[in-house]
Amino acid sequence: MIDLRSDTITKPTPEMYEAMVSAPLGDDVFGDDPTVQRLEQACATRLGKEAAMFVPSGTMANLVCILTHCRPGDEVFVSEGAHIYEFESGALSAVGGVIPRVLPSKDGAIEPAGFEAAMRPANMHFPRSRLLCLENTHNNAGGVAIPLEHQKRLCVLAQDQGILVHLDGARIWNAAIALGVSARDLAADADSVSFCFSKGLSAPVGSVVLGTEDFINQARRKRKMLGGGMRQAGVLAAAAQVALDTMIDRLADDHRRAAMLAERLVDLKGILLIRNGVQTNMIFMDISGTGMISREFADRCKRLGLLVNTPGRYRIRLVTNRHIDDHAVEEATQILRKVVTSPADSPAP
Ligand code: TLP
């Protein structure tokens with residue numbers, strides 16, 4: 001089975017398994033797991049932030065940041081299609097009690113003019129505009145790497161208004177590679193940043209939250225509140241450390257293979273690539289021209305040995321990852337070609 005559903009499906013490397021077995025452990029809720037501490041320190045140094053905190057998932061990372069920055073009733077600005085808004089079960093409102101405000105965006109990048117227009121004068125009728133959430137790469141826009149200059153511009157606008165900035169950098173390393181900048185640069189203007197070890201970096205579990213020491217101290221309480229305090233978490237942090245130390249550069253291979261696959265799909269009948277020029281490891285396609293809905297399309301792919309993601313009625317997402325080599329790209333192309341050109345030949349589920 002060729003699995004293009006996500007980069008989250010990647011399995012730990014042998015080196016990760018070894019590190020997990022031999023990691024020195026403590027109780028991280030007491031703050032004495034040396035492997036977690038080492039990882040947090042390494043992440044903070046690498047991203048140029050004062051402190052870091054290991055968390056079980058990207059969703060918890062985002063939620064902890066929102067809870068730490070905001071109080072109920074606050075307004076949080078998000079881009080169209082933001083993961084925080086679309087794919088986290090409404091946690092920001094359900095748990096955080098904040099009001100999301102979706103800003104006009106182009107290819108995942110919030111329009112500065114739209115952000116400015118959304119700013120509110122101080123008035124007790126309004127919610128308190130508190131936090132701007134950025135996402136880089138922007139998943140739902142197509143794995144788009146938002147240019148550093150654009151991000152900086154938005155951060156300046158936010159700072160001028162006393163609005164804090166959180167960067168959902170679940171795939172910050174993909175963004176950095178695609179843009180040719182450092183993750184440190186991308187993180188520089190944000191008050192909090194999160195990134196994931198369990199996506200293209202292939203660790204089995206875990207994300208990290210970064211910010212000032214004071215912010216992270218407050219965030220630790222929120223993590224505990226959400227049930228995210230983990231005891232011998234060094235078992236997981238050990239694998240995440242290997243991810244951080246050894247798995248970043250190879251993301252370029254995923255990007256190359258996504259571009260290669262996209263190239264082969266451009267002229268497939270009934271398929272429209274949602275963004276021409278795939279920038280990182282994702283391809284989104286509109287398949288409405290095939291006469292199938294995405295569920296049906298995905299089922300047919302599966303019968304032929306290919307797993308794809310179905311983020312919308314007519315939307316299919318393909319994500320390259322460490323388990324997809326050049327040969328798998330060719331095979332996936334053949335399967336997609338078959339599904340599109342002779343749907344009747346690909347057995348219905
Ligand atoms: N994204 C997953 C799905 O939830 C869609 C995926 O397969 O891409 N921020 C961004 C930008 C993400 O893409 C994700 C996961 C998260 C946060 C949440 O991470 P987890 O899954 O660890 O909670």
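Helices here are DSSP runs of H or I, at least four residues in length, numbered from the N terminus. With that in hand, welcome to a few close-up views of salt bridges in this predicted model.

**View A. R295 and D299 pair up within helix α13.** Both residues belong to the helix spanning residues 294-303, where they sit 4 residues apart, so about one helical turn separates them. Their side chains form a salt bridge with an N to O distance of 3.2 Å. R295 is partly exposed, its relative accessible area being 45%.

**View B. E40 and R220 join two helices.** Here the closest N and O atoms of the salt bridge lie 3.1 Å apart. The partners come from distant parts of the chain, 180 residues apart: E40 is in helix α2 (residues 34-47) and R220 in helix α10 (residues 213-225). E40 counts as buried because its relative accessibility is 8%, under the 20% cut-off. R220, at 27%, is partly exposed.

**View C. D74 and R128 connect two loops.** Take a look at this salt bridge, with N to O at 2.7 Å. D74 lies in the loop between α3 (58-69) and β3 (75-79), while R128 lies in the loop between α6 (112-118) and β7 (129-135). These distant parts of the chain are 54 residues apart. D74 is buried, with 2% relative accessibility, whereas R128 is partly exposed at 31%.

**View D. E75, R101 and R120 share a network.** Salt bridges link these three residues to one another in a network. How many salt bridges does the count come to? The count is 15.

Definitions and conventions
Residues numbered from 1 in each chain as written. Predicted model: local features only at pLDDT ≥ 70, side-chain atom pairs only at ≥ 80, totals over all residues. Heavy atoms only, no water. Salt bridge = Lys/Arg side-chain N within 4 Å of Asp/Glu carboxyl O. Buried < 20%, exposed > 50% of the residue type's maximum accessible area, 1.4 Å probe, protein only.
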